[in-house]
Amino acid sequence: MNLRLVHAFLILLSAALAVLFGIWCLNQYGRGDSTATLVAGLLSFAVSLGLVVYDSWFLRKTRSLR
């Protein structure tokens, strides 16, 4: 596994972690926690989307590298 694929895999793991954190935040908000957890959950989903977009851009940009 080369460094390019390791980087892409770690970015995808980071995106999955951000989604899990967002789900946890929304669960906490549903239990009556403050609106800060709602904001944190929504921001983590936005970060996850940004990471997926970055990962696809990175893979496209480095496709010609071997």
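## A walk along two helices

Start by selecting Thr-37, which sits in helix α2; helices here are DSSP runs of H or I with at least four residues, numbered from the N terminus. This is a predicted model, where local features need pLDDT of at least 70 and side-chain atom pairs count only at pLDDT 80 or more, while totals for chains, interfaces and linings use all residues. Residues are numbered from 1 along each chain as its sequence is written, and side-chain values use heavy atoms, with hydrogens and water left out.

Is Thr-37 buried or exposed? Thr-37 counts as buried because its relative accessible area is 13%. The cut-offs are under 20% for buried, over 50% for exposed and partly exposed in between, with a 1.4 Å probe and protein chains only. Now show what Thr-37 touches: Cys-25, Gln-28 and Tyr-29, not counting residues up to four places away in sequence. Contact here means heavy atoms within 4.5 Å.

**Along α2**

Next, select residues 35–61 to get the whole of α2. This helix has 27 residues and reaches 39 Å from its first C-alpha to its last, close to the 39 Å expected at 1.5 Å a residue. That expected span is 1.5 Å times one less than the number of residues. Colour the buried residues of α2: Thr-37, Gly-41, Ser-44, Ser-48, Asp-55 and Phe-58. They pack against α1. It helps to recall that an α-helix has 3.6 residues a turn, so residues three or four places apart point the same way.

Zoom in on Ser-48, another α2 residue. Ser-48 is buried because its relative accessible area is 6%. Leaving aside neighbours within four places in sequence, which residues is Ser-48 in contact with? Look for Ala-15, Ala-18 and Val-19.

Carry on to Tyr-54, Trp-57 and Phe-58, which ring pairs link into a cluster. Rings of Phe, Tyr and Trp (its six-membered ring) pair if their centres lie within 6.5 Å; planes under 30 degrees apart count as stacked, over 60 as edge-to-face and the rest as tilted. By this rule there are three aromatic pairs.

Then pick Lys-61, also in α2. Lys-61 counts as exposed because its relative accessibility is 56%. Draw a distance from Lys-61 to Ser-34: their C-alpha atoms are separated by 41 Å, with the two positions 27 residues apart along the chain.

**Over to α1**

Jump to Gly-32, just after α1, and check the backbone: Gly-32 takes a positive phi of about 100°. From there, select α1 itself, residues 3–30. α1 has 28 residues and reaches 41 Å from its first C-alpha to its last, close to the 40 Å expected at 1.5 Å a residue. Its buried residues are Ala-8, Ile-11, Ala-15, Ala-18, Gly-22 and Cys-25. What covers them includes α2.

**Last stop: Leu-10**

Select Leu-10, in helix α1. Leu-10 counts as partly exposed because its relative accessibility is 47%. Across to Asp-55, 45 residues apart along the chain, the C-alpha separation is 9.5 Å.

Finally, add Leu-3, Val-6, Phe-9 and Leu-13 to the selection: with Leu-10 they make a nonpolar surface patch of about 490 Å². Patches are made of residues with over 30% relative accessible area and no salt bridge; like charges are joined within 9 Å, nonpolar side chains (Val, Leu, Ile, Met, Phe, Trp, Tyr) within 5 Å. A salt bridge is a side-chain nitrogen of Lys or Arg within 4 Å of a carboxyl oxygen of Asp or Glu. Accessible areas come from the Shrake-Rupley method with a 1.4 Å probe; for residues, only the protein chains shown count as cover.

Notes. Helices (H or I, at least four residues) and strands (E, at least two) are DSSP runs, numbered from the N terminus.
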